[in-house]
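Work through the exercises below with the sequence and the model side by side. Try each task before reading its solution.

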Amino acid sequence: MARDGKPTRDKILAQSKTLVFENGFAGTSIDQILNKTGITKGAFFYHFKTKNDLAKTLIEEFAEEDMSHMEWALNETEHLKEEPLKRLLQFIQLFIDMMENLKEPPSCLYASYTYESKQFDQEIIELISTTILKWRNTFIKLINNVLGDIEPNIEVDISSLADLFTVIFEGAFVVSKSLNEPKLTAKQLQHLKNYIQLLFSQKK
């Protein structure tokens, strides 16, 4: 088991995530996971002692992947750090391009877990909050860099504006799935980019 454990563990996580997206966490049973993966109950409990243990691992991996996307976008736009507005706009554009390439409507474990928060312990809920706050703080820094160069055309609440990126993602995921429109999120992010451009457009 130790030698071949990782493929089995990865299979459990991948299929469990699919089931949670389809049925919610409460609606996903261990038996459903076993049927989906074709593994034994003993193999499941070798890797995950409880269903909560599985939930924690799923959200940890999802958050890690989410943070890797943020770091990737920061690295990809690092060369624009002396032109903060261009950097902010390009940062958003990277995610527009990513969402443009989707073939299926996206899903989010943050939303799935938050809607069923009573299913999880406080550690899991705090992990979600911490990750979302990292997005807020990243955007606050990007926006503040722009404000160091350009005055906005209207007064803005920086923290609230920083949350708009995440709010668009989470809301667009729901609408995208409801309407079966995979590219809807990209279109909503384009509105955000347009707004940022208008907010900091320099008057002639």
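**Exercise 1.** Find the residue just after α2 that takes a positive phi.

Solution. G38 follows α2 directly, and its phi is about 75°. Helices here are DSSP runs (H or I, at least four residues), numbered from the N terminus.

The model is predicted: local features need pLDDT of at least 70, side-chain atom pairs count only at pLDDT 80 or more, and totals for chains, interfaces and linings use all residues. Residues are numbered from 1 along each chain as its sequence is written, and side-chain values use heavy atoms, with hydrogens and water left out.

**Exercise 2.** State which residues of helix α2 are buried, and on which side or sides they lie.

Solution. Step 1: buried means under 20% relative accessible area, exposed over 50%, partly exposed in between (1.4 Å probe, protein chains only). Step 2: in α2 (residues 30-37), I30, I33, L34 and T37 are buried. Step 3: they cover an arc of only 100° around the axis, so they are on the same side of α2; the arc is taken from the directions from the helix axis to the C-beta atoms. Step 4: an α-helix has 3.6 residues a turn, so residues three or four places apart point the same way.

**Exercise 3.** Name the helices that the buried residues of α2 pack against, then list what F44 touches.

Solution. Step 1: the partners are α1 (5-23), α3 (41-47) and α4. Step 2: contact means heavy atoms within 4.5 Å. Step 3: leaving out residues up to four places away in sequence, F44 touches I12, I30, I33, L34, I39 and L54.

Terms used
Helix = DSSP H or I, 4+ residues; strand = E, 2+ residues; numbered from the N terminus.
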